[in-house]
Amino acid sequence: MLARRFALAFGLLLAVVLSQVPEFVQQYRQRLGGAVDELRRIVAQFDEEAQAQSIDRDAGIARLRSNADPLVQARGFDLQAAVDRERRLEAQDRAFAEAGPLSTYAVFAEGFDPELARRTYAIFQPAVPVTSAGFVAGAGGFLLGYGGLRAAAAPFRRRRRAALAA
């Protein structure tokens, strides 16, 4: 009886936790859009600076990275990282726009950006699961928690029943 109550409580706890996943993904998407906008601004500014020198982006970054000054080299590596991150985050942003309600979780997992997720979590505001995705995630969490603990406890229940029957 105690194991059943514990499994029920654990299932409810996991339901509450997993019901927040859609809201976290939504807040991540909002921050993703802001990060893409800022990276676009940085890359566009560098593109203008490179164009003023009659070179393209790749040549400008290569020039910075091959410079003897360590500060200038570091700037070149930083710009290359910004360009790469912009491409990666833009791809994830497009994938989110094309994804259905439940496939957004796969998009989130595939394009997961640890820095963006960390910053999202730092300001995360939980929400009540009023969407179908929230209910599905909450129900899944309950089933995983309750069913998982019940399954894990099954061998122990059989031993206890066998001992009581003997």
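1. A residue counts as exposed when its relative accessible area is over 50%, and as buried when that value is under 20%. Keep those two cut-offs in mind, and also that the model you are looking at is predicted. Ser 54 is a good place to try them out: its relative accessibility is 68%, so Ser 54 counts as exposed. Ser 54 sits in the loop between α2 (21-52) and α3 (57-65). While you are there, have a look at the backbone: Ser 54 is not a glycine, yet its phi is positive, at about 60°.

2. From that loop, please move on to α3 and its contact with α4. Two packed helices are described by the angle between their axes and the distance between the axes. Here the axes of α3 and α4 cross at roughly 145° and come within 6 Å. The contact residues divide into six nonpolar, three polar and four charged. On the α3 side they are Arg 57, Ile 61, Leu 64 and Arg 65. Their counterparts in α4 include Val 72, Phe 77, Leu 79, Val 83 and Arg 87.

3. Next, a charged residue to find in α4. Glu 86 lies in this helix, which covers residues 70-98. Which side chain of opposite charge is nearest to Glu 86? That side chain is Arg 40, 4.5 Å away, and Glu 86 has no salt bridge although it is buried. A salt bridge needs a nitrogen-to-oxygen distance within 4 Å. Leaving out residues up to four places away in sequence, Glu 86 touches Leu 39, Arg 40 and Val 43.

4. Arg 40 does have a salt bridge with another glutamate: its side chain meets that of Glu 90 at 2.6 Å, N to O. Because Glu 90 lies in helix α4 and Arg 40 in helix α2, the pair ties together parts that are 50 residues apart in sequence. Is each partner buried or partly exposed? Glu 90 is buried, with a relative accessible area of 18%, whereas Arg 40 is partly exposed at 38%.

5. The salt-bridge count comes to eight, and two others are worth a visit. Arg 41 forms one with Glu 38, where the closest N and O atoms are 2.6 Å apart. These two residues are three apart in helix α2, so about one helical turn separates them. Both count as partly exposed, Arg 41 at 44% relative accessibility and Glu 38 at 37%. In helix α4, Asp 84 forms a salt bridge with Arg 87, with the closest N and O atoms 4.0 Å apart. Asp 84 and Arg 87 are likewise three residues apart, and about one helical turn separates them. Asp 84 is partly exposed at 36%, and Arg 87 is partly exposed at 46%. Through shared partners, salt bridges also join Asp 37, Arg 40 and Glu 90 into one network.

6. Finally, the aromatic rings. The whole structure holds six aromatic pairs. One of them is formed by Phe 24 and Phe 108, an edge-to-face pair with 6.0 Å centre to centre and 85° between the planes. Phe 24 is in helix α2 and Phe 108 in helix α5 (residues 104-110), so this pair links distant parts of the chain, 84 residues apart. Phe 24 counts as buried at 15% relative accessibility, and Phe 108 is buried as well, at 16%. Phe 24 and Phe 108 also belong to one aromatic cluster with Tyr 28, Phe 96, Phe 112 and Phe 124.

How values were computed: Residues are numbered from 1 along each chain as its sequence is written. This is a predicted model: local features need pLDDT of at least 70, side-chain atom pairs count only at pLDDT 80 or more; totals for chains, interfaces and linings use all residues. Side-chain values use heavy atoms; hydrogens and water are left out. Helices (H or I, at least four residues) and strands (E, at least two) are DSSP runs, numbered from the N terminus. Buried means under 20% relative accessible area, exposed over 50%, partly exposed in between (1.4 Å probe, protein chains only). Lys and Arg count as positive and Asp and Glu as negative; His and the chain ends are not counted. Contact means heavy atoms within 4.5 Å. Axes are lines fitted to C-alpha atoms, for helices over the stretch in contact, and angles run from 0 to 180 degrees between N-to-C directions. Ala, Val, Leu, Ile, Met, Phe, Trp, Tyr, Cys and Pro count as nonpolar, Asp, Glu, Lys and Arg as charged, and the others, Gly among them, as polar. Rings of Phe, Tyr and Trp (its six-membered ring) pair if their centres lie within 6.5 Å; planes under 30 degrees apart count as stacked, over 60 as edge-to-face and the rest as tilted.
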